[in-house]
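Ready for a few warm-up exercises? Take a look at the model below, then work through the tasks at your own pace.

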Amino acid sequence: MNPTRTLDGQTALVTGASRGIGRAVALALAECGAEVVVNYASSPDAADAVVKEIESGGGKAYALQADVGDEEAVDALIKTVLERSGRIDVLINNAGITRDGLLMRMKAADWNAVINLNLTGVFLCTRAVARPMLKQKSGRIINITSVVGLMGNAGQANYAAAKAGVVGLTRSAAKEMASRGITVNAVAPGFIATDMTKDLDAEGILSAIPLGTFGTPEQVAGTVRFLAADPAAAYITGQVLQVDGGMVMG
Ligand code: NAP
C-alpha cells in the first residue's frame, strides 16, 4: 500500500466543503485515496469545482446539497451517501457560520442560527453516521471547533458557545464510541484566511498571534488529514488539536 493512500477504498463526508477550510480538507482526503462527498448549502458551482479538482487529480468525489442544521436533510444526506458509496468511514463536521454582535444586542435569531448549525449540526451528522460506523467497527470523526470556543471572544457569544459545546460533544462521543474502534477528535483553528474572516480588522488580530500571520486552510487540512488518515492517529481520541499560530497556549 502506498503509505500516503491510507484512505483507499474509503468514503469521507466533509460538510461545508465548497469553500475555505472544508474545501482544503476535501482535497487533502482525496489525495489520501478517499472518495469524498463534498457537502454544501448554497454554492453548487463552487462544490462542483471542488469535485472537478479532485477528479482532475485522479480522485473520486461527488457533491451533495444539504443544510446540515436540518434534521431531515442530514438523515437524507447520510442515507444517500450509504446508498451511493455503501459505507462511510470519515466524517468531517466543518460547516459553520458566524452572526456576530455584542451579547447585549444579540438577536435570539442570530443566537439560534449559530447554535443550530455549528453545534446541533455536528450532533445531527455524528448521530447519523454512528450506526454505520458502529456496525463497521471503525470510523474517524473530526469536528472543526475554534480557539474562540476555548478562550471566548467579545462579539461572538453565540459562536464561542457553539464551539465550546462542540468540544464537550467531541469528548462525550469519543467516550461512547471508543470501544468500537471509532475515534472522535476536534481541530481548533485560530484565524484562518477564508471568506469567514475576510472582513476582519487584520492588524488588530495579528498582534495576538505569536507566529504573526493568519493560517491557511491547507494548514488546518494537514492536521485534519493526520487525524483522519494517518495510522499513527488511531490511538488519539477525545482531543482538541489547535492550529492557531500559538494564539492560545496552556
Ligand atoms: P467559509 O469559508 O465561510 O465556508 C463555510 C462553508 O460552510 C461553506 O462551504 C458553506 O457552504 C458551508 N455551509 C454554510 N452553511 C451551511 C449549512 N447550513 N449546511 C451545510 N453547509 C453549510 O468558512 P471557513 O472559514 O472555511 O470555516 C469552516 C469551519 O471552520 C467553520 O466551522 C468555522 O467555524 C471554523 N473555523 C474557521 C476559522 C477561520 O478563521 N476561518 C477559525 C476557526 C474555526 P456554501 O458555500 O454552500 O454556503
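Here are three exercises on this predicted model, each with a worked solution.

**Exercise 1.** Work out why the radius of gyration of the protein agrees with that of a compact globule.

*Solution.* Start with the chain length, which is 250 residues. A compact globule with that many residues would have a radius of gyration near 18 Å. Now take the value for the protein, 17 Å; the two agree because 17 Å fits what the globule rule expects. For a feel of the dimensions, the C-alpha atoms fill a box of roughly 50 × 40 × 35 Å along the principal axes.

**Exercise 2.** Describe the fold in numbers: its elements, its burial and its contacts.

*Solution.* Count the elements and you get 8 helices and 7 strands. Next, burial: taking buried as under 20% relative accessible area, 50% of the 250 residues qualify. Then look at contacts between residues at least 6 apart in sequence: 73% of them join residues at least 24 apart. Last, the surface: about 11,700 Å² is exposed, with carbon and sulfur atoms supplying 53% of it.

**Exercise 3.** Find the largest pocket and say what lines it.

*Solution.* First, its volume: about 1,100 Å³. The lining takes in 47 residues, and Ala 95, Gly 96, Ile 97, Thr 98 and Met 196 lie nearest the centre. Elements giving two or more residues to this lining are α1 (20-31), β2 (35-40), α4 (108-136), α5 (147-151) and α6 (157-177). Of these, α4 gives the most, with 4 residues. Sort the lining by class and you find 20 nonpolar, 21 polar and 6 charged residues.

Notes. Residues numbered from 1 in each chain as written. Predicted model: local features only at pLDDT ≥ 70, side-chain atom pairs only at ≥ 80, totals over all residues. Heavy atoms only, no water. 1 Å grid on protein atoms, 1.4 Å probe; cavity = no way out; pocket = protein on both sides within 12 Å on 5 of 7 lines; lining within 4 Å. Points joined across faces, edges and corners; volume = space filled by probe spheres on them. Nonpolar A, V, L, I, M, F, W, Y, C, P; charged D, E, K, R; others polar. Rg over C-alpha atoms; globule rule 2.2 N^0.38 Å. Buried < 20%, exposed > 50% of the residue type's maximum accessible area, 1.4 Å probe, protein only. Contact = heavy atoms within 4.5 Å. Areas by Shrake-Rupley, 256 points an atom, 1.4 Å probe, with all protein chains shown as cover.
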